[in-house]
Each structure stands twice: as C-alpha cells, then as structure tokens.
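Me: Please take a close look at one part of this model, the side of one chain that touches the other. I would also like to see how that part connects to what lies behind it.

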Amino acid sequence: MLNISLGTIIWTTVAFLIVLLILKKMAWKPILEGLKKREESIAGALRTAEEAKEEMAALKASNEELLTKARAERDTMLKEAREAKDAIIAEAKSNAKLEGDKMVAQAKETIKMEKVAAMNELKKQVAALSIEVAEKIVKEKLSEDSKQKELVNNLIEEVTLN
Amino acid sequence: MANKINLLGSVLSKTTLVAATAVFVFNFFGAHAQHGDEVVGHDDHNTAHHGEGEESHEGFKPGEFIMHHVADGHQMEWANFQIPLPVMLWTDDGFTCFSSSNFYKEENEAHVHGMEGHAFTMGNEYIMVNEVIYYLEKNGGIHGIEEKVKLAEEADLLLKDIVNLEKKKVEASSIEEQAIIAEEIAAVTKKEQELREAAGLAAPFDLSITKNVWGLLFVMVLMVFIFVRIAKRYKNREGQAPKGIQNLFEPLILFVRDDIALPSIGPAKAEKFTPFLLSVFFFIWFANLLGLIPFLVGFNIAGTMSITLVLAVVVFIITTINGNKNYWSHMLAVPGVPKWVLVLLTPIEILQMFIKPTVLMIRLTANITAGHIIILAFVSLIFLFGGNSEGAYWGVGVGSTVFMIFMYLIEFLVAFLQAYVFTLLAAIYFGAAVEEAHH
C-alpha cells in the first residue's frame, strides 16, 4: 500500500515499459491511424458531396440560363416572323392596291375613251338621223306649192327684217 | 462529447447495478460463512491451546483485517482458498525462487514481540513479518530479531532526547553552555547511529511476484490482448464503421484523444503524447476495475505506492525530457518578475516540478486505497456487531450491505474518474512542457 517495495517497482517498471512499447507500436499506432483515416475519408466524402451539390446547382443555373436564352430566342424569332408576315401582307396589300388603282385608272381611261368614241358615234348617228329626219320633214313640207311659197315668204320676211 | 459521456454513463450504470447487486448478495452470505468458520476454528483453538498467550486471536480486529486486505501479499486469497505465488529472493548466496506456500503454514506461524501483525518462518532461513521477508538465522533467530527491535526502540528514544537537547541548546544562555550541549548532542547522535546500525534487520532483496504484481501483469496482458485485437479491426475494416469490441472502446479512445490530449497539449504536439496517455488511462482504469471485483483476491494495484510511483516517475521523465526553452525559462526565472521575487519563486518552481508528479502518485494511491478501506470497514461492522447477537448481525449486515452497494457504485465512478484525472493532469504537465512562448 503506502510502503515502497523495490521489487514491485522493478516489476512495474519492466512490465509497464514493455507494454508501453508494444501498445505504442502494435495498438495505438494502427488505431490512431485508422481513426484518422476514417475521419479524413468521412470529411472527404462530405466535401465531395458538397462539391457535387454545388456543381448540380451550377448546372441547374446554367440550364435555366440556357432555357431562358432559348425562350428569348424563340420569342424573337416569332416576333420577327410576325413582323415579316405583316410586312409581306402590307407590301402585298400596297402592291395590290397599286395594281388595282392602276387597273381602275386604266379602266377609267378605257371607259372614258370608249365613252368618247361612243359619244362620237352617237353624235354621228344623231346627226345622220337628224338629217334624215330633217330631209323627211322637209320633203313632206315642201311637197305642196303653197307651203313652198309660204316658206319662201317666211324666209324672205326674216331676211328683210334683218 | 455530451453524447459520449451519456452513453458511457448508461452502460456503466446498468452493468454496475447488476454486477454490484449480484456480487453483494454473494459477498454478504460468503462473509457470513467465512465468519462462522472462523468462530468454529477459534473455539477449537481455545480448547486445544488454552492459556498459551494467544490474545492476538481474541476477538475481531478491524484495523488488522482491513490492512491485511489492502496491503500487498505473497499469496492470493479467495475466500478460504489460498493461491501461492512465486517468492523470488536475491540473497547473499545468489538468486532463489520457491513457492510462497512454504511460508503460509499453520506450523510456521510465529510471533515477534514488538512487531505487530502476522509472522511466518520458513525453516531457519527466512521470516516474513507483515509480508516483508527477513533473514532468520542471520538475524539471530526470533530472539535476535526481538533484540534488534528493542534496539530500534531505544534508538527512537534517543532521537527524542536529541530533539530535547536541540531545544535546550537554543534556549541556552551562554556560548559555553551551548558548546557543552552541542558535545552532548554529538555523543547521543553517535550512540543513536550505532544503535540503528545494530538494529538493522538483514533482509534479502525481495523480487517476488506478489499479489499486486500478479494483478499488474494480468492487466498488462489483458491490455495488449484487447488493444492489439482492436488495432487489427482498424486495419481490416479501414474506413468502415466500428464494430464489436472496437465499438466499445472507440468512444473512450476518442475521449482520451479529443478531450484530454488535444485541449491540454494543443494540436501540434498532442499526437506525440497520445499513445502514452491512452496506455496510462486504460491501465489505471482496468486496474481499478479489477480491484473492484469482490473476492477476486482483492487486488489493489493503483492503490499500491510502488506502482503509482513508477507511473509518476515516467510522467516526470517525459515532462522533463520534452521541456522546451520556454518551459525551463519559466521554471528557472519567470520572465517579467523582479529579481528579488525570483529568489523566492525559483525554488518554489523547481520544487513544484517534483511536487506535481508526487501529488499525482499520492492522489491515485490514496483514492483507490480509501475506497477499498471504506468497503472493508462496512464488512468489519458486520463482524463487530455480529459477535454480540444474531439480531445485530442481520440488522447491521443488511444496513452495511446497502451502504456497500452505494459505495461500490461510487467506486465504479472513482475507478474511471481517477484514471481520467491522472491522465488529464499528465497531459496538462506535458502541455506545459511543450507550450511555446506567447509573449
């Protein structure tokens, strides 16, 4: 107990130092190394998972960006197409109108010419008819002597009056 | 950290409760049987050798009983069985080795006047008094030893005289008187030294495997067995979760590494000292637990000063070897302290270097021995009161057993706590030795 025995001290020293050495070489070194390796591998795995998570997030973000870009592109394309369509329609409309106007103008011209021609024809016809009518009337009126005399008289009168 | 302690606590408390209760039921009845035997044997003795001056066997002596169980011995006792151990002696005639059963025989029992306790002779050669082996014939037989004990007592008386004379010398009025007293002191001192020399008992150098040395070797083998096995697990199952016995000890290994070594020494140097701290921690803990198994010969390994002394000396050597410039400069001359204070401080610091491991040693020995003494004191209570009447025997027996269970639970805590405290303080001393200057 409290008394010191040299024999016990010697046995303890020898046993303790030998066991200290054995344990240090054969037990604590592999145990502490194993613990350290496991801790490192766990920490590494956690780090990798974190990195993978970040990568995934980055990928998702880039996907999102790509998608928005594609969407924007589609929108612009649609817009452009619509504009092109409108332009084409507008052009076609204006062209059509121009053509139509032109045609109308031509038609009007033709109508006008036809009208003039028709008028001239009509005038000619009317003149011919009028002469014919007048011939007939004259012929009839001048078929009697008295009427010829009257006419001559009238004409003389008129001429004298002037 | 909290988790680890909780786990440990729950495992410990469950196993302790079961073990302690089971064991104490046995302890109580076992003690009863043993006591009964003693009483019967005692009666035989009285009728056979009546009036032979066997007063020492009269009644139950708790002090002797307790000290006998706490002290180291040359045999292992298991209830009424005795397991002899090898006695190894380095004598004047060389090395001898024989079984301790040569001592422990009834016909060898002897009594040396002036020396308390059990004495056994072995032939004419050796006598063992309180487990210390002396030469018998070379000291002049039992009679010669008794003479020498008397001489030692005389020397003790002279020592008292010397103290009285010293007092007189201080009080003396004149120088002449002082000189006379000084001469007297010298004469008495010479006589005292002569007496001491004559009183010295010749003894062989005892290298025996005693009870506690045997327990120590057992713990050492157990430790190598367990931790080499665990180490294999770590090699074979690299990077995998712990399993079985590896799982049982991993929290404790991590506890020593992360909660004792790392905070006390610092991350840079902790790795170097961790193997030693782990070894010391598990050695003390295992030794304490082994000592708590009742009836298993009552090992008191960490309560043996010779063993804790070795631990403390190893701690001291490691601290001193690893002490860096900063450590020694703080020891020899604390920086920033006036010179006149240093005159006081430096001796204290140097003393402290030795006091620290000494305290470590005493604390561990005292705590473990005290635990054993308390439990044995409760056992003694049963015998003391049980001698009077059957009712008192059972009444005190039940009460003592309840207190013993309580003490046992505390002892389980102390077994762990003292291992922790020793390791922690050793780690703190190492930490102080390798700490770098920070100013």
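Reply: The account below starts at the contact between the chains and then moves into the cores, the strands and two single residues.

This is a predicted model, in which local features need pLDDT of at least 70 and side-chain atom pairs count only at pLDDT 80 or more, while totals for chains, interfaces and linings use all residues. Residues are numbered from 1 along each chain as its sequence is written, and chains are lettered from A and ligands numbered from 1 in the order in which they are written.

On confidence, the predictor gives an ipTM of 0.72 and a pTM of 0.70 for the complex. For chain B the mean pLDDT (the predictor's confidence in each residue, from 0 to 100) is 77, and 85% of the residues reach 70 or more. Residues 1-57 of chain B stay under 50, and the model has 32 contacts beyond four places in sequence for them. Where pLDDT is low, the predicted coordinates should not be read in detail.

The two chains differ in make-up. Chain A has 2 helices and 0 strands, and chain B has 11 helices and 9 strands; helices (H or I, at least four residues) and strands (E, at least two) are DSSP runs, numbered from the N terminus. A residue is buried if 20 or more other C-beta atoms lie within 10 Å of its own, exposed if 12 or fewer, and partly exposed in between, with C-beta atoms placed from the backbone. By that rule 7% of the 162 residues in chain A are buried, and 30% of the 439 residues of chain B.

Now the interface. Contact means that the C-beta atoms of two residues, placed from the backbone, lie within 7 Å. On this basis 39 residues of chain B contact 30 residues of chain A. The elements of chain B that each supply at least two residues to this side are β9 (205-206), α5 (211-236), α7 (270-291), α8 (305-322) and α10 (339-386). Of these, α5(B) gives the largest share, 13 residues. By type, the side of chain B that touches chain A has 23 nonpolar, 12 polar and 4 charged residues. Here Ala, Val, Leu, Ile, Met, Phe, Trp, Tyr, Cys and Pro count as nonpolar, Asp, Glu, Lys and Arg as charged, and the others, Gly among them, as polar.

Several of these helices also take part in the largest nonpolar core, where a core is a set of buried Ala, Val, Leu, Ile, Met, Phe, Trp, Tyr and Cys residues joined through C-beta atoms within 7 Å. Two or more residues of this core come from each of α1 (6-141) of chain A and α5, α6 (245-265), α7, α8, α10 and α11 (390-434) of chain B. The largest share, 14 residues, belongs to α7(B). The core has 70 residues, and those that touch the most other members are Val219(B), Met223(B), Leu277(B), Val280(B), Phe281(B), Ile284(B) and Ala426(B). Not counting residues up to four places away in sequence, Val280(B) touches Leu311(B), Phe422(B), Thr423(B) and Ala426(B). Apart from this core there is another, of 15 residues, including Phe103(B) and Ile145(B).

Ile260(B), in helix α6 of chain B, is buried, because 23 other C-beta atoms lie within 10 Å. Beyond its neighbours within four places in sequence, Ile260(B) contacts Leu277(B), Thr423(B), Leu424(B) and Ala427(B). Ile260(B) and Val421(B) lie 161 residues apart in sequence but 9.5 Å apart in space, C-alpha to C-alpha.

Phe65(B), in helix α2 (residues 62-70) of chain B, is partly exposed, with 16 other C-beta atoms within 10 Å. With neighbours within four places set aside, its contacts are Phe60(B), Leu376(B) and Ser380(B).

The interface strand β9(B) pairs with β3(B) in the antiparallel sense over 2 bridges; two strands pair if DSSP finds at least two bridges between them. Within that pairing, Trp90(B) has Phe205(B) in β9(B) as its bridge partner. Strand β3 (residues 86-91) also pairs with strand β4 (residues 94-99) of chain B, antiparallel, over 6 bridges, and a hairpin joins β3(B) to β4(B) through 2 residues.
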